[in-house]
Amino acid sequence: MRGKGKIERFFRTVRDQFLVELTEERAARIQDLSELNKLFTAWTETVYHVREHSETGQPPLARWEAGGPFPLPAGADLAEAFRWSEWRTVSKTALVSLHGNQYQVDPVLARRRVELVFDPFDLTVLFVRRNGKDAGTATPHHITRHSHPRARPEDPGSGDDAPRATGVDYIALIGEQHDRQTARPVNYRALMPAAGHGGAPACEQEQQGRDGHGAGEEDGRG
């Protein structure tokens with residue numbers, strides 16, 4: 001279960017600081033998934049990214065920017081990071097059991113202690129390791145369970161220590177603050193040509209075109 005701890009702290013923070021505000025009454029006023037995503041983005045960028053982390057002592061965004069650019073992990077490495085593992089002893093008939101399932105492994109592993117590495121949501125594929133080295137795969141022999149018994153959504157809890165809504169429309173306030181931070185006023189002066197570069201402003205040239213003549217034509221008639 002090496003990968004579980006890498007992400008559960010973030011999900012707990014989301015639950016305690018963002019989802020707790022989505023009371024039944026507040027959630028009913030969210031029109032669609034797009035609006036929910038917008039509110040979550042606003043909370044992430046306005047609150048989570050700029051608040052000091054209790055362990056690193058830095059805001060997540062500042063820590064990320066200071067360490068970049070970051071290499072992208074290969075797909076196989078990413079899958080490996082989130083696999084779980086358990087230890088079992090192989091039977092004398094080269095069978096190994098995991099949560100009610102039975103698998104056939106290499107006969108050379110009989111009576112030996114091995115590490116079974118797997119995706120907790122798919123117990124039909126098990127990788128076998130012996131002394132930290134690859135020892136092949138475990139072939140399903142008898143399958144009764146397709147996912148690990150602990151591979152389930154996190155229980156939000158319901159005790160006295162469970163987070164509670166603030167009582168104000170916190171999510172809407174964060175959304176408005178995010179909108180103000182991301183708003184960019186239109187620079188109308190940038191639409192006008194600089195002095196000495198291109199003559200009269202575009203609006204003045206357009207007015208002269210509608211009149212059908214310029215200042216020189218008026219002089220000619222005089």
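Which residues form one aromatic cluster? In this predicted model, the answer is F10, F11, F18, F40, W43 and Y48. Let's start there, then move on to a pocket and finish with the salt bridges.

**Aromatic contacts**

Across the structure, the count of aromatic pairs comes to 6. One of them joins F10 and Y48, whose ring centres are 5.3 Å apart; with planes at 75 degrees, over the 60 degrees needed, the pair is edge-to-face. F10 belongs to helix α1, while Y48 sits in the loop between α3 (33–46) and α4, so this contact ties together parts that are 38 residues apart in sequence. If you are looking for F10 on the model's surface, expect it to be partly exposed, with a relative accessible area of 29%.

A second pair is made by F18 and F40. Here too the ring centres lie 5.3 Å apart and the planes stand at 75 degrees, so the arrangement is edge-to-face. F18 is found in the loop between α1 and α2 (24–27), whereas F40 is part of helix α3, so the pair links parts that are 22 residues apart in sequence. Is F18 buried or exposed? At 3% relative accessibility, F18 counts as buried, because the limit for that label is under 20%. Its partner F40 has a relative accessible area of 27% and is partly exposed.

**The second largest pocket**

Y48 brings us to the second largest pocket, since Y48 is among the residues that lie nearest its centre, together with H53, T56, Q58 and P60. The lining of this pocket numbers 16 residues, and its volume is about 410 Å³.

Which elements supply at least two residues each of the lining? They are α1 (4–17) and α4 (60–67). The largest share, 4 residues, comes from α1, the helix that also holds F10. By residue class, the lining of the second largest pocket divides into 6 nonpolar, 6 polar and 4 charged residues.

**Salt bridges**

How many salt bridges does a search of the whole structure find? The search finds 5. Three of the side-chain contacts are set out below, with their N to O distances.

| Partners | Distance (N to O) |
|---|---|
| R15 and D16 | 2.9 Å |
| E25 and R29 | 2.9 Å |
| E86 and R88 | 2.8 Å |

The surroundings of these partners are worth a look as you turn the model. In the bridge between R15 and D16, D16 is partly exposed, with a relative accessible area of 29%. For the bridge between E25 and R29, the values are 48% for E25, which counts as partly exposed, and 42% for R29, also partly exposed.

The bridge between E86 and R88 brings together two labels. E86 is buried, with a relative accessible area of 12%, while R88, at 23% relative accessibility, counts as partly exposed. The labels part here because buried means under 20% relative accessible area. Elsewhere, salt bridges that share partners join E80, R83 and R129 into one network.

To retrace the tour on your screen, you could begin at the aromatic cluster that includes F10, F18, F40 and Y48, step from Y48 to the second largest pocket, and end at the network of E80, R83 and R129.

Terms used:
Residues are numbered from 1 along each chain as its sequence is written. This is a predicted model: local features need pLDDT of at least 70, side-chain atom pairs count only at pLDDT 80 or more; totals for chains, interfaces and linings use all residues. Side-chain values use heavy atoms; hydrogens and water are left out. On a 1 Å grid over the protein atoms alone, a cavity is a set of points where a 1.4 Å probe fits but cannot get out, and a pocket is an open set with protein on both sides within 12 Å along at least five of seven lines; lining residues have an atom within 4 Å of a point. Grid points are joined across faces, edges and corners, and a volume is the space filled by probe spheres set on the points. Ala, Val, Leu, Ile, Met, Phe, Trp, Tyr, Cys and Pro count as nonpolar, Asp, Glu, Lys and Arg as charged, and the others, Gly among them, as polar. Rings of Phe, Tyr and Trp (its six-membered ring) pair if their centres lie within 6.5 Å; planes under 30 degrees apart count as stacked, over 60 as edge-to-face and the rest as tilted. Buried means under 20% relative accessible area, exposed over 50%, partly exposed in between (1.4 Å probe, protein chains only). A salt bridge is a side-chain nitrogen of Lys or Arg within 4 Å of a carboxyl oxygen of Asp or Glu.
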